[in-house]
Amino acid sequence: MATTPFNPKYRPIRTYTDSIMGRVDEYALRHLKSDGMGAQATFLRNNARPNMKREYGIKLFRTPREAFAAFQRQKIAADAGLAPPVRRMVKVTIMHKRFADIMWGYQTCLAYGIGKIEVPYTMDGETDVARIERAPSSDEFGGFDAGVRRMFIALVQLSITGTQIGDRPLGTKYKRRAPRMTQDLHCENLGFWRKRPVVIDFGSHLVGECG
């Protein structure tokens, strides 16, 4: 393990408590230079190093509801050992000359080996659940078959009932029959944390939301 202390590029100007999202770190930036972008989120590495606990990058979304939904999903998965740990929600104000942009997100540890895990898909582009469940102990998934299979089976068993719905107003929660976090599990959304396969993208596509 590295002995160099974590020196984040971005530091919060204050921390406050939101009635729905809990503790929130607030940042004020003069400009935003992303280290990666996905379909929903913008990622800031924040000088965090992969596989390092208590070192956090920042994942940002356009709305608090999307950010809080992804945060809650990842926390549930992280508590089960299926995602990198998260810390707390963030609010980021990007200051421009005549206006300001506000983005919402959360602090997350960094996985490594992203893009090296494959999950089988059906002809319709959906995760092939049946193929994963019957996977033999062979090289079917590029050498990671056993770990990926265990990860997927554990992921299916997790419930997001009671968490934020990403495409509904903030505070709107899943009740009964909440979707499972089993969609959009392509190689760029998977990595490793402490030598175990994990999910790294907890946006709307993971649960089939339209957001």
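**Largest pocket, aromatic pairs and sheet**

The largest pocket holds about 650 Å³ of space. Its lining is made up of 30 residues, and those closest to the centre of the pocket are F43, K59, I114, E188 and I200. The structure described here is a predicted model. By residue class, the lining of the largest pocket comprises 13 nonpolar, 11 polar and 6 charged residues. Three strands, β3 (36-37), β4 (42-44) and β5 (57-61), contribute at least two residues each to this lining.

These strands belong to an open sheet of 7 strands, in which the order is β1-β2-β6-β7-β5-β4-β3 and the pairing is mixed. The edges of the sheet are formed by β1 (14-18) and β3, each of which pairs on one side only. Strands β4 and β5 run antiparallel and are joined by 3 bridges. Within this part of the sheet, T42 stands opposite L60 of β5.

Aromatic contacts were examined next. Over the whole structure, 4 aromatic pairs are found. In one of them, the ring centres of F61 and Y106 are 6.4 Å apart and the ring planes meet at 20 degrees; the pair is therefore classed as stacked, since planes under 30 degrees apart count as such. This pair connects distant parts of the chain, as F61 lies in strand β5 and Y106 in strand β7 (residues 100-108), with the two positions 45 residues apart in numbering. Both F61 and Y106 are buried.

A further stacked pair is formed by F68 and F71, with a centre-to-centre distance of 6.4 Å and an angle of 15 degrees between the planes. Both residues of this pair are located in helix α1 (residues 64-79), where a separation of 3 residues corresponds to about one turn of the helix. F68 has a relative accessible area of 6% and is therefore buried, the limit for this class being under 20%. F71 counts as buried on the basis of its relative accessibility of 9%.

The residues of the two pairs described above are also connected to one another: ring pairs link F61, F68, F71 and Y106 into a cluster. The cluster thus includes F61 from strand β5 and Y106 from strand β7, together with F68 and F71 from helix α1. Strand β5 also takes part in the lining of the largest pocket, to which it supplies at least two residues.

Methods:
Residues are numbered from 1 along each chain as its sequence is written. This is a predicted model: local features need pLDDT of at least 70, side-chain atom pairs count only at pLDDT 80 or more; totals for chains, interfaces and linings use all residues. Side-chain values use heavy atoms; hydrogens and water are left out. On a 1 Å grid over the protein atoms alone, a cavity is a set of points where a 1.4 Å probe fits but cannot get out, and a pocket is an open set with protein on both sides within 12 Å along at least five of seven lines; lining residues have an atom within 4 Å of a point. Grid points are joined across faces, edges and corners, and a volume is the space filled by probe spheres set on the points. Helices (H or I, at least four residues) and strands (E, at least two) are DSSP runs, numbered from the N terminus. Ala, Val, Leu, Ile, Met, Phe, Trp, Tyr, Cys and Pro count as nonpolar, Asp, Glu, Lys and Arg as charged, and the others, Gly among them, as polar. Rings of Phe, Tyr and Trp (its six-membered ring) pair if their centres lie within 6.5 Å; planes under 30 degrees apart count as stacked, over 60 as edge-to-face and the rest as tilted. Buried means under 20% relative accessible area, exposed over 50%, partly exposed in between (1.4 Å probe, protein chains only). Two strands pair if DSSP finds at least two bridges between them.
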